[in-house]
Amino acid sequence: VGEAAGQGASVMEQGSKAALGWAARDASGHLSPYSFSRVQRDGDVTIKVLFCGICHTDLHIIKNEWGNAMYPVVPGHEVVGVVADVGAGVTKFKAGDTVGVGYFIDSCRACESCRTGHENYCPDVVLASNGVARDGAATQGGFSDVVVVDQDYVVTVPAALPPDGAAPLLCAGVTVYSPMVQYGLNAPGKRLGVVGLGGLGHMAVKFGKAFGMTVTVISSSPGKRDEAVRRLGADEFLVSSDPEQMKAAAGTMDGIIDTVSAWHPLGALLELLKPMGQMVLVGVPSKPLELPAFAICPSGKRVAGNGVGCVADCQAMLDFAGEHGITADVEVVKMDYVNTAMERLERNDVRYRFVVDVAGSLGAAA
Ligand code: NAP
Ligand code: ZN
Ligand code: ZN
């Protein structure tokens, strides 16, 4: 810490703010304290981080499973915090506002994706963590006491939502909500399948039920059945390794959101769709999945990918969550537990999202 802090202090430019985070330094993924600095420029909002969720993407990145880690990496892209300061020209937020920051914090604003409200697909999108900022510097995420983000990429967290339970909405929430709306999988009476009951999956169940859909969880963990049905309100629960259960549900679903983080066969899942049904992949296993053409061509089924959601979708999702009282089921932990939390996430031992109490771990009072 001392060495990094010294370097940070010596190069501090105007508007620079000292930041303390936890970073991974190599593919072991082990996280430890890391001092660096952030710069608030015109149009930027400086946010004191209250809570930050732990997404499986953070785990993929810090262990370099996707082969793109730029160490040191401060993970975290499910931030809820309070505005501490604003730069010149900021009109959307003021000190004291409760706000959120998700997977990306800037984009080019000029490309076709940006101009049509799909800035999450901008080729030059700036990710909140392990990304490259406009000035070429590596971005550092929300496992830190403070973040600085352009006002156009900050969202308002409704007062009705508790900040810890709301944090996972900023990635897990919008990543399932956005494709559900885009593909019409938000219509009462339609049948939705959710594959993988983890951070993303349990949010898909909650949004699906709030949309009035019939929701079936397809899981590799028979032990999640009771919670899926009793606590999360799923209508049905299928164990993906049970061919009888899978066969009985064949051809029943309008759409499927596949959130699985590891390699898994797609054929049996595609069988669950009605003709012309829509599968949306949001899980990003490092090993390529196999798409059997016979599972989609004769039935006109469709497979799409989805990457989080645009800022407007994120705000719409938060407003919807506020109206319907939707939050994540969270296990709140202190920062010094994150290495254990990552190990537990890796072995599928979390119901259903870890959230780091950042202010309670790194804040002045902690
Ligand atoms: P998570 O909490 O670990 O949930 C993943 C779930 O997948 C697990 O709970 C488990 O559910 C299932 N699963 C895990 N290993 C499996 C295996 N070998 N075979 C079958 N099922 C398995 O992770 P998450 O945070 O929800 O993220 C899920 C994936 O989405 C990750 O790959 C992440 O990088 C990606 N992601 C993508 C986006 C996007 O924009 N596209 C955004 C966020 C995250 P069951 O126990 O029910 O089987
Ligand atoms: Zn994420
Ligand atoms: Zn762009």
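**Two zinc sites and a ligand shell**

Reader: How are the donor residues of the zinc ion (ligand 2) spaced in sequence?

Author: Happy to start there, keeping in mind that this model is predicted. The protein donors are C55 (SG), H77 (NE2) and C171 (SG), lying 2.0 to 2.3 Å from the zinc ion. C55 sits in the loop between strand 3 (44-53) and helix 2 (56-62), and H77 in the loop between helix 2 and strand 4 (79-86), so the pair, 22 residues apart, links distant parts of the chain. Written as a pattern, the donor spacing is C-x21-H-x93-C.

Reader: Is C55 buried or exposed?

Author: The cut-off helps here: a residue counts as buried when its relative accessible area is under 20%. C55 has 3% relative accessibility, so C55 counts as buried.

Reader: What is the geometry of the site of the zinc ion (ligand 3)?

Author: Four sulfur donors coordinate this ion at 2.3 to 2.4 Å: C108 (SG), C111 (SG), C114 (SG) and C122 (SG). Four donors count as tetrahedral if all angles lie between 85 and 135 degrees. The angles among the four donor atoms here are 106 to 116°, and the site is tetrahedral.

Reader: How much of ligand 1 does the protein bury?

Author: Let's begin with some contacts. Oxygen atoms of ligand 1 lie 2.7 Å from a polar backbone atom of L197 and 2.9 Å from an N or O atom in the side chain of N348. Taken alone, ligand 1 exposes 920 Å², and the share of that buried by the protein is 87%.

Reader: Which helix gives the most to the shell around ligand 1?

Author: Two elements give two or more residues to this shell: helix 2 and helix 6 (199-210). The one giving the most, with three residues, is helix 2.

Terms used
Residues are numbered from 1 along each chain as its sequence is written. Chains are lettered from A and ligands numbered from 1 in the order in which they are written. This is a predicted model: local features need pLDDT of at least 70, side-chain atom pairs count only at pLDDT 80 or more; totals for chains, interfaces and linings use all residues. Side-chain values use heavy atoms; hydrogens and water are left out. Donors are N, O and S atoms within 2.8 Å of the metal (3.2 Å for Na, K and Ca); water is not among the atoms, so sites may look incomplete. Helices (H or I, at least four residues) and strands (E, at least two) are DSSP runs, numbered from the N terminus. Buried means under 20% relative accessible area, exposed over 50%, partly exposed in between (1.4 Å probe, protein chains only). Four donors count as tetrahedral if all angles lie between 85 and 135 degrees; four count as square planar and six as octahedral if opposite donors are over 155 degrees apart and all others between 65 and 115; anything else is irregular. A polar contact is a pair of N or O atoms within 3.5 Å; within protein, one must be able to donate a hydrogen and the other to accept it, and residues adjacent in sequence count only if both atoms are side-chain atoms. Accessible areas come from the Shrake-Rupley method with a 1.4 Å probe; for residues, only the protein chains shown count as cover.
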